[in-house]
Structure formats: C-alpha cells, structure tokens
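These are my notebook entries on a single protein chain. I set down what I looked up, entry by entry.

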Amino acid sequence: MSEPKPPTPTPGDTYKGWLFKWTNYIKGYQRRWFVLSNGLLSYYRTQAEMGHTCRGTINLATANIAVEDSCNFVISNGGAQTYHLKANSEVERQRWITALELAKAKAVRMQAESDDSGDDCPAVPPTSGQGGGCRNSNSEVQSTLRTLNSKVEDLTTCNDLIVKHGSALQRSLSELEGIRVGGDMGDKIRQVTERATLFRITSNAMINACRDFLSLAQSHSKRWQKALQVERDQRIRLEETLEQLAKQHNHLERAFRGATVLPSSFSNPALGNKGGVPGKGDASDEDDDNEFFDAMEDPAEFITVPADPKYHRRSGSNVSGISNETGMDDQSVNFDELSLASNPESPQSLELEPVRQRRTRIPDKPNYYLNLWSIMKNCIGKELSKIPMPVNFNEPLSMLQRLSEDLEYYELLDKAAKCQSSLEQMCYVAAFTVSSYSTTVHRTGKPFNPLLGETFELDRLKECGYRSLCEQVSHHPPAAAHHAMSEKGWTLRQEITLASKFRGKYLSIMPLGSIQCLFDKSNNHYSWKKVTTTVHNIIVGKLWIDQSGEIDVVNHKTGDRCHLKFAPYSYFSRDVPRKVTGVVTDKDGKAHYVLSGTWDEKMEFSRVMQSSKGENGTEGKQRTVYQTLKAKEIWKKNPLPEGAENMYFFSSLALTLNEPEEGVAPTDSRKRPDQRLMEDGRWDEANAEKQRLEEKQRTTRREREREAVKAVSPSEEAVTEDSINDSPLKTDAVETGTEANEVSDESAHQDNYQALWFEKLDDPASGETLHVYKGGYWEAKEQGSWDMCADIF
C-alpha cells in the first residue's frame with residue numbers, strides 16, 4: 001500500500017511523517033515516525049509508540065539543518081545529537097526542510113523572548129472592579145498583537161524560502177535555454193519540474209499563512225471596532241454626567257451664598273458627625289473588601305481554596321480574635337503613635353529632636369566602557385580565585401553595607417514584637433526574611449568585599465528605633481558578623497559566609513551561616529538560613545538575578561515552623577515569576593497560616609480554617625488542600641527613588657548607607673577610599689586605590705603570620721619561616737578578601753585574628769556556633785575613643 005501524502009507544512013502546525021534515520025553501519029537506514037511540534041523534533045519506531053515511548057528529541061532552536069543531496073539531510077545541535085535522515089523523494093525532503101526551517105525560526109524567537117523576559121514580571125490579573133475589564137482588554141490586545149507578529153515572521157521566513165527556490169528555478173531555466181537538443185534535455189526538464197514543484201509547495205505555505213493572517217486581522221478588527229464604539233459611548237455618558245454635576249455644583253454654591261441661616265446639620269457639629277457615621281461605615285466596609293485578596297491559586301506543594309462562608313460569619317462575630325490574628329490591632333497602635341507624634345499640641349512632640357535629613361541622590365553611574373579582553377588576557381595561566389577584578393563590576397557599597405540593608409523593612413519585626421500569638425509572629429518574621437531579597441532584583445553589581453577588621457554601623461535609633469553593627473571577623477574563610485538591636489524589643493544577629501560557583505552562563509552564590517532573631521517580651525528565638533542567589537547571562541546577554549531554594553524558619557521555644565519555598569524562574573512555568581509560598585505550622589505539624597507572593601513585590605498571608613489531602617501532584621504525591629480566609633497583604637516593596645536606574649538601582653535606604661557621617665569608627669566602610677572614589681565616578685583612581693589597599697592587607701597578614709611564628713619554639717621557628725617564604729603568601733596574587741572567590745589552597749588555614757567587637761559563642765537554642773556582639777562599640781563612640789581600632793585603610 002502506498003503511504004498517504006503528507007499535508008503541506010504550514011507555519012506553526014504540527015508536522016508528522018515517515019523518514020529513514022541512519023542508525024549504524026550494520027543496520028543502515030531504518031524507517032522511523034517523526035513528529036515536529038513546538039520547536040521539537042521527536043521520533044518513534046511506530047505511530048503506536050507516540051503515547052508512551054519517545055526514542056529521541058532534538059531542539060530546533062539550537063540546531064543546524066543541512067542538505068546533503070536530493071533526498072538526504074542532516075540535523076545537528078552541535079555534536080551532542082546528530083540525525084542523518086533520508087526522505088523518499090526530493091519533494092518530500094523539501095517539505096520537511098520547509099517545516100523544519102519554519103519551526104526553527106519560531107523556536108529562536110521564543111527563546112529570545114525568554115531571555116529578554118528575565119527581569120520582566122507579568123501583570124497580575126485584577127480581582128474585582130472595573131479595572132479588570134481594561135486590563136483583560138489590554139492583555140487580549142497584546143496577545144493578538146503577538147499572534148499577528150508571529151504570522152508576519154512566518155511570512156518573512158516563507159518569503160526568504162521563495163526567493164531561495166526562485167533563484168534556483170531561474171538558474172535551471174537559464175541552463176535549459178543554453179542546452180541544445182540532446183540527451184541532457186530529459187534530465188534538465190525533470191530538474192526544472194522538481195524545482196517548480198518545490199516553488200509551488202513554498203508558495204502554498206505562504207498563501208496559507210497569508211490567509212490565516214487575513215482572517216485573524218478581520219475577526220479582531222470587528223471586535224476592536226465594537227470595543228472602540230463602547231468606549232466612545234462611555235466617554236459621551238461621562239461627559240454628560242460631568243456637565244450635570246457641574247450644573248448641580250453651581251446651583252448648590254449659589255444657594256449656599258444666598259442662604260441667611262445655615263441648616264442645623266451644618267451648624268451642629270454633633271449632628272454632622274452623626275450624619276457622617278453611616279457613610280464612613282460604608283466606606284470602611286468597602287475599604288475592607290478592597291484590602292483582602294484571594295489566595296494565590298495552585299502553589300507547587302499545596303492548594304488553597306476559599307473557606308466555607310460560616311468562617312467569615314464567625315470571624316465577624318469575634319472581631320477581637322481575628323483582629324489579633326491578622327494584626328489589625330498593631331496597625332491601630334501605629335496610627336495612634338503617628339497621630340501623637342504629628343500633633344503640635346502634644347507635649348511629647350515638643351521634646352522630639354529634629355531628625356537628620358538623609359541624602360536622596362548619589363552621583364550618576366558613569367558610562368564606562370569595559371574591555372573584557374584586557375582583563376582576560378592577564379588571567380591566562382592563573383587561578384580564578386587570584387584574579388584582581390576592577391571596580392567596573394562593583395557597586396559603591398561594601399558587603400557589610402549590603403548586609404545592613406536587610407533592615408530596610410524593620411517595621412515587620414516591630415509588628416512581630418507586638419504580637420500576642422507566636423504563630424502570627426512567625427508570619428511577620430517569615431515576611432521579613434522574604435523582604436531582604438527585594439533589594440536584589442536589579443542589583444547586578446558586586447559589592448566590595450570587606451577588609452579584615454572593617455566595620456559598618458547603621459545608627460537609626462532616633463528615626464527608626466534601632467541600631468546595627470557589622471564587622472568582618474574572618475578572612476579565610478571570609479565571614480561577616482552582624483548585630484542589630486531595637487527599642488521595640490527585638491534583636492537580630494547573623495553571621496554570613498559566601499560560597500560561589502561559576503557555571504559558565506551563570507554564577508551561583510550560596511550564603512552559609514545562620515540568621516537569628518530574638519524577642520524580649522516573649523523570649524521567642526527564631527533562626528533560618530538564606531537561599532541561593534543566581535546571576536544569569538554572565539558571558540552574553542543582559543544580567544538578571546533569581547533566588548531559589550527553601551527556607552525553614554524555626555521558633556526554638558515553641559517548635560513552630562514556617563517552610564518557605566522560592567521557586568526558580570522557568571520560561572515554561574505558568575506560575576508567577578519570583579514566586580514564594582509558605583506554610584506556618586505548630587509543633588504538632590498543624591497548619592495555621594499560608595503565605596504567598598513574590599520576593600520582589602509583596603507577600604500575603606491567610607488563616608487556615610481546614611486542611612485535607614487532595615489529588616496527586618505531578619510527582620505522584622498527594623498535595624494538601626487548605627481552606628483559608630481571604631488573604632491579606634503583610635508586606636509590600638517600597639518604590640525605588642526617582643532616577644534609580646542611574647544610581648545602581650539603590651533603594652532609599654541604600655542611598656544613605658555610604659553617606660559620610662561624623663563620629664564613626666576609623667574602620668567604618670564609609671571611610672574606604674576606593675569605595676568613595678568609585679561613588680564619585682573616579683573609577684581609574686578607585687582601581688589604583690583598591691590595589692594599594694590589597695597590598696597593604698597582604699603586608700599586614702604577613703606580619704601577623706610572623707608574630708605567630710615567633711610564639712613557637714626556635715627549632716620550629718626556622719622550619720615555619722621557611723615554609724612561609726615558600727608558600728603562596730609570598731605571591732602577588734589577590735588574597736585580601738576583596739574579591740568574591742578568594743578561598744585558595746591556604747583557605748583551610750583559619751585566620752589568626754581576634755574580632756574586636758564580636759566573640760565566638762555556642763548558641764544552646766539552635767546548637768550553632770557564631771560570632772555574637774560582646775558590647776563596647778557604642779560606648780566607645782560616645783567617648784570618641786578608637787585607640788583599639790587598627791589602621792586598615
């Protein structure tokens with residue numbers, strides 16, 4: 001039986017058919033069933049295998065298509081996969097070539113859109129209100145435009161193929177004219193016929209694409225005309241309404257001016273207030289409705305569904321209970337404090353000292369050209385960990401300042417300190433852990449790695465009620481300790497060590513160490529670790545950052561736990577980019593709250609009413625279904641300052657971190673000359689100063705090693721000195737901790753350095769050992785006594 005004739009390939013359609021695939025020299029070409037769909041070419045032994053067994057798949061976005069002869073062609077993706085294929089005839093081969101080239105062009109466009117969308121976040125559909133219609137209309141228009149643009153690209157591809165085959169046909173016709181009547185006439189006529197057939201196939205594909213394009217344009221044109229007419233009608237009605245309201249306003253104003261006695265409702269404030277109560281109550285109800293949002297649908301590990309309405313009625317009858325659980329009492333307290341501070345007649349407001357005005361701008365980032373070859377040519381034969389990197393890759397902040405930036409949303413810990421429920425407090429602590437990543441979404445610059453003994457203080461006691469101190473406590477391995485204390489009753493401490501792995505196209509940064517938060521009133525002790533940060537497009541393309549991994553926030557006193565999952569970005573995922581989900585459970589594993597949102601925008605939390613096992617997920621595990629109340633926003637990112645794209649995408653807090661300040665320690669990051677020169681835009685001088693600081697720290701390290709050698713016996717001294725003279729410590733490579741990957745062969749050796757403001761202690765609650773603030777810094781600042789500080793700059 002003859003095989004059915006395959007359809008002519010059209011742009012975007014699935015194409016199937018039989019081809020002969022080369023297997024080996026023993027079996028030769030074997031007949032296989034090939035399927036082309038969504039930019040992927042897959043093959044099976046038979047058509048029946050399509051439902052269960054795929055023998056191989058190749059991605060056309062990175063594949064090369066080459067024609068060998070009249071029936072053979074090759075598809076390869078650079079060596080890993082190569083398919084040698086053969087068709088029954090040249091016409092059938094050309095049908096496959098046309099379909100493959102169209103599919104490859106479409107796959108390349110999709111991949112380019114995926115790379116460009118790394119920093120883009122799709123708009124979240126509105127939950128209610130008239131804005132939903134406008135956004136849905138806009139999204140529909142954008143989707144239609146993308147479809148039409150895809151069709152135009154298909155037409156362009158078909159046009160290129162027509163030009164290619166038309167040129168070949170023209171050459172054959174020219175050769176036919178020059179041949180005399182003889183034996184070659186039959187072959188040439190057959191060749192012209194085959195090429196004319198190929199030309200007709202390509203023309204049919206282009207005609208089909210034009211027909212699809214035209215039908216789409218006509219159908220959507222009618223819809224847009226109808227939508228435009230509706231908008232015009234609404235505008236006319238709005239203009240008429242405004243005109244009527246203006247006339248009524250004018251009439252009321254004239255009546256008010258002509259009245260000799262005011263109505264009792266205006267002259268009696270008490271009656272006016274009573275009359276305004278129902279309206280105010282309605283507005284507050286409407287605000288409450290707008291304040292809550294539906295929980296995000298179908299997270300990766302669990303599903304949330306709206307709870308039964310009886311829970312909402314119950315929550316309405318027990319206002320105090322729910323308000324405590326959702327933090328409404330905390331908000332009312334904050335509002336009262338604000339009103340008290342802003343009231344000029346309040347006795348406390350007269351005692352407040354004027355708050356210092358912090359800067360809101362830094363010099364714009366200069367547009368320096370970076371010659372990568374000038375850097376790479378000096379790296380040949382050297383270890384990657386010992387390559388000095390220029391400040392062109394940096395931002396004018398140190399790692400200690402970036403660590404202090406975690407306190408940008410300190411208000412979450414202030415609210416957590418007021419919570420009566422430890423489970424509700426856990427929600428605020430979890431939101432605080434997520435908020436620390438919001439400042440990294442556009443921050444692709446590398447911070448300056450601190451010198452050993454470098455410090456940074458952030459004194460916001462008068463403005464915000466907290467103060468913090470960071471110190472670089474170790475150089476091999478590089479580690480920084482951080483301590484923050486608030487008058488609102490919380491203490492934050494952390495010790496972070498960074499480990500990085502360069503994967504070619506991306507760089508993974510893995511923070512090691514623990515973060516702990518303690519509350520004075522409840523004695524709750526929380527601890528957690530950070531997730532992995534990935535910087536994509538290191539070699540080629542626009543840099544963009546992603547956070548991925550899991551965090552377990554543990555309350556060591558009560559046993560409560562919050563499991564947060566940072567979903568890695570994927571172009572093929574239907575989830576919202578930068579998505580974060582979490583569940584707050586008690587010591588028995590019972591869920592009480594569900595958290596959802598994104599680490600770069602906002603987080604919401606909702607109370608769990610009931611939970612049950614649901615359907616099997618993609619991995620065959622039963623996912624838990626949580627019935628929850630409507631979600632409430634617990635944290636939202638602050639907008640970036642105006643012109644942030646020219647100021648390294650710094651937040652309002654980050655702009656003030658390197659602001660010069662009197663009275664700080666001589667080891668403070670604000671006094672780093674290379675960092676200050678870079679902020680001022682003098683990058684050449686900053687690079688020279690950076691090299692000077694690196695050499696100075698190398699010298700200091702050698703002196704510290706020699707002092708350690710003198711403490712040993714004389715017989716051991718000579719051996720140790722010889723080993724030092726022959727060791728990598730004598731090299732000129734960078735070993736100062738001022739670069740990201742500087743843990744070299746000698747990294748196993750711990751620094752013989754005692755931190756000035758921190759001491760290493762064992763934490764009995766978490767069972768970890770970390771540097772804890774031992775006191776004395778702020779007292780030394782008040783006295784202006786910095787004799788104990790070393791000269792590191």
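In which sense do strand 16 and strand 19 pair, and over how many bridges? I found that strand 16 (residues 506-512) and strand 19 pair in the antiparallel sense, over four bridges. I took two strands as paired if DSSP finds at least two bridges between them. Helices (H or I, at least four residues) and strands (E, at least two) are DSSP runs, numbered from the N terminus.

**Entry: basis of the readings**

I note that this is a predicted model, in which local features need pLDDT of at least 70 and side-chain atom pairs count only at pLDDT 80 or more, while totals for chains, interfaces and linings use all residues. Residues are numbered from 1 along each chain as its sequence is written, and side-chain values use heavy atoms, with hydrogens and water left out.

**Entry: the chain as a whole**

I counted 18 helices and 28 strands in the chain. Of its 793 residues, 42% are buried; buried means under 20% relative accessible area, exposed over 50%, and partly exposed in between (1.4 Å probe, protein chains only). The accessible surface comes to about 43,900 Å², and carbon and sulfur atoms hold 52% of it. Accessible areas come from the Shrake-Rupley method with a 1.4 Å probe; for residues, only the protein chains shown count as cover. Among contacts with a separation of 6 or more, 60% link residues 24 or more positions apart; contact means heavy atoms within 4.5 Å.

**Entry: strand 19 and its partners**

I returned to strand 19 (residues 532-536) and asked how many of its five residues are buried. Four of the five are buried, so strand 19 is largely enclosed by the rest of the structure. On the side of strand 16, Ser508 has Thr534 as its bridge partner. Strand 19 also runs antiparallel to strand 20 (residues 544-555), and five bridges join the two. There, Val535 stands opposite Ile545.

**Entry: strands 14 to 17**

I followed strand 14 (478-486) into strand 15 (490-502): the two run antiparallel and are joined by six bridges, with Met485 opposite Thr491. They form a hairpin with three residues between them, and Gly489 in the turn has a positive phi of about 100°. Strand 15 is joined by six bridges to strand 16, again antiparallel, and Ser500 is the bridge partner of Ile509. Strand 15 also pairs with strand 17 (515-519) in the antiparallel sense, over five bridges; here Gln494 is matched with Ile515.

**Entry: helices 12 and 13**

At what angle do helix 12 and helix 13 pack? I read an angle of about 170° between helix 12 (residues 411-418) and helix 13 (residues 422-435), with their axes 8 Å apart. Axes are lines fitted to C-alpha atoms, for helices over the stretch in contact, and angles run from 0 to 180 degrees between N-to-C directions. The two helices are therefore roughly antiparallel to each other; that term applies to angles over 145 degrees, against under 35 for roughly parallel, 65 to 115 for roughly perpendicular and the rest for oblique.

Helix 12 contributes Leu412, Leu413, Lys415, Ala416 and Ala417 to the contact, and helix 13 contributes Gln425, Tyr428, Val429, Ala431, Phe432 and Ser435. These residues divide into eight nonpolar, two polar and one charged. Ala, Val, Leu, Ile, Met, Phe, Trp, Tyr, Cys and Pro count as nonpolar, Asp, Glu, Lys and Arg as charged, and the others, Gly among them, as polar.

I then listed the buried residues of helix 12: Leu412, Leu413, Asp414, Ala416 and Ala417. They pack against helix 13 and against four strands, namely strand 14, strand 15, strand 17 and strand 26 (631-636).

**Entry: the seven-stranded sheet**

I traced an open sheet of seven strands in the order 4-3-2-1-7-6-5, with antiparallel pairing. Its edge strands, strand 4 (56-59) and strand 5 (64-67), each pair on one side only. Strand 5 is joined to strand 6 (residues 72-76) by four bridges, and Ile65 has Ile75 as its partner.

**Entry: positive phi outside glycine**

Arg578 is not a glycine, yet it has a positive phi of about 60°. I located Arg578 in the loop between strand 21 (561-566) and strand 22 (579-585), and it is buried, at 4% relative accessible area. Phe649 likewise has a positive phi, near 60°. Phe649 lies in the loop between strand 26 and helix 14 (652-657) and counts as partly exposed, at 30% relative accessibility.
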